[in-house]
Amino acid sequence: MSVDVGGTLGRARGCGLTTHLVRASPLAEREARALLRDRLHTRPALTDDLIAEVCGDLGIPVSAFPRVHRPAPFEPYPGTADALRSLSRETTVVTLSNVACPDADTDGLRAHFHPWISGFYPSCHLGYAKPDRRAFLTIAAARGTAPDRLLHIGDDWQCDVLGAIAAGVPAVWISHGRPAPDHTLLVEHGVAVANDFPDAVHHILALPSRSTA
């Protein structure tokens, strides 16, 4: 089972690199975030050429790119640890997140969630960012399972739901009380909806027994 991090398990207490760059760019937020997913979130290290490329695409000066950046501390949502503890008794849980390499604080996440999460897969290490179907397929291959035996949980409709569907991976959407953008798609692909992560785990554990990776 793969789980998104930011917005699903908790939130960063501070401004991440992506948010900083989105705020600095004159582009619409949606366009800037999509660009960063493709350009920045799939690269394992920052280089001068990458920074110049990203800043050019965002329409900001290179001086606006913070050269020194530390990941903001991660704050789990209430009930997340207990839900992960319960879920890990039934299946293997890994993370699948979109994140720039300076913000990929796997040690910090491990401190919060060990031993319930068995592996951490940030996009900057995978080389693929959701909703690219290859991100999900890479996780399935790494865990030795077929895509339709993987289950993904996340709060971003495009990245976590549409991306999973494109890869043939069942999904649970964390709505946080938002209406679904496409109810027909939910029904056609059997996407479950939960208000938050503990609610998603409650739903999953209530399902008839099945082997999930």
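Helix α8, residues 157-166, is mostly covered, with seven of its 10 residues buried. Those buried residues are Trp 157, Cys 159, Asp 160, Val 161, Gly 163, Ala 164 and Ile 165. What sits over them? The cover for the buried residues of α8 includes two strands, β6 and β7, plus the helices α2 (29-39), α7 and α9 (183-189). Bear in mind throughout that this is a predicted model.

**The sheet**

Two of those covering elements, β6 and β7, also appear in an open sheet of six strands. Reading across, the order goes β5-β4-β1-β6-β7-β8, and the pairing is parallel. Which strands stand at the edges? They are β5 (119-122) and β8 (192-194), and each has a single partner strand, so one side of each is left without a neighbour in the sheet.

Elsewhere in the sheet, β1 (residues 2-3) pairs with β4 (residues 94-97) in the parallel sense, over two bridges. If you want a spot to look at, take Ser 2: its bridge partner in β4 is Val 94.

**A helix across the strands, and its helical partner**

Now look at α10. This helix lies across β1, β6 (152-154), β7 (171-174) and β8, and runs at about 150 degrees to β7. It also packs with another helix, α4. Two packed helices are described by the angle between their axes and the distance between the axes. Here, the axes of α4 (residues 80-88) and α10 (residues 197-206) come within 9 Å and cross at roughly 20 degrees. That angle makes α4 roughly parallel to α10, and the crossing is left-handed.

Which residues do the meeting? From α4 come Thr 80, Ala 83, Leu 84, Ser 86 and Leu 87, and they meet Phe 197, Pro 198, Val 201, Ile 204 and Leu 205 in α10. By type, the contact residues split into eight nonpolar, two polar and no charged.

**Thr 138 on α7**

Back to α7, one of the helices that cover α8. Thr 138 lies in α7, which spans residues 133-142. Is Thr 138 buried, exposed or partly exposed? With a relative accessible area of 27%, it counts as partly exposed. Leaving out residues up to four places away in sequence, Thr 138 touches Leu 126 and Tyr 128. As for Pro 44, it is 94 residues from Thr 138 in sequence, and the C-alpha to C-alpha distance between the two is 16 Å.

**Backbone oddities**

Most residues other than glycine have a negative phi, and most peptide bonds are trans. A few places in this model go the other way, starting with two cis bonds that lead into prolines.

| Cis peptide bond | Omega | Where the proline lies |
|---|---|---|
| His 114 to Pro 115 | near 10 degrees | loop between α5 (106-113) and β5 |
| Lys 130 to Pro 131 | about 15 degrees | loop between α6 (123-126) and α7 |

So where do these loops lead? The Pro 115 loop runs between α5 and the strand β5, and β5 is one of the strands at the edges of the sheet. The Pro 131 loop lies between α6 and α7, and α7 is the helix that holds Thr 138.

Then there is His 176, which is not a glycine and yet has a positive phi of about 50 degrees. His 176 is found in the loop between β7 and α9, both of them among the elements that cover the buried residues of α8. His 176 itself is partly exposed, at a relative accessible area of 36%.

Conventions
Residues numbered from 1 in each chain as written. Predicted model: local features only at pLDDT ≥ 70, side-chain atom pairs only at ≥ 80, totals over all residues. Heavy atoms only, no water. Helix = DSSP H or I, 4+ residues; strand = E, 2+ residues; numbered from the N terminus. Buried < 20%, exposed > 50% of the residue type's maximum accessible area, 1.4 Å probe, protein only. Contact = heavy atoms within 4.5 Å. Axes fitted to C-alpha atoms, helices over the stretch in contact; angles between N-to-C directions. Parallel < 35°, antiparallel > 145°, perpendicular 65-115°, else oblique. Left-handed = near helix turned anticlockwise from the far one by under 90°. Nonpolar A, V, L, I, M, F, W, Y, C, P; charged D, E, K, R; others polar. Pairing = 2+ DSSP bridges.
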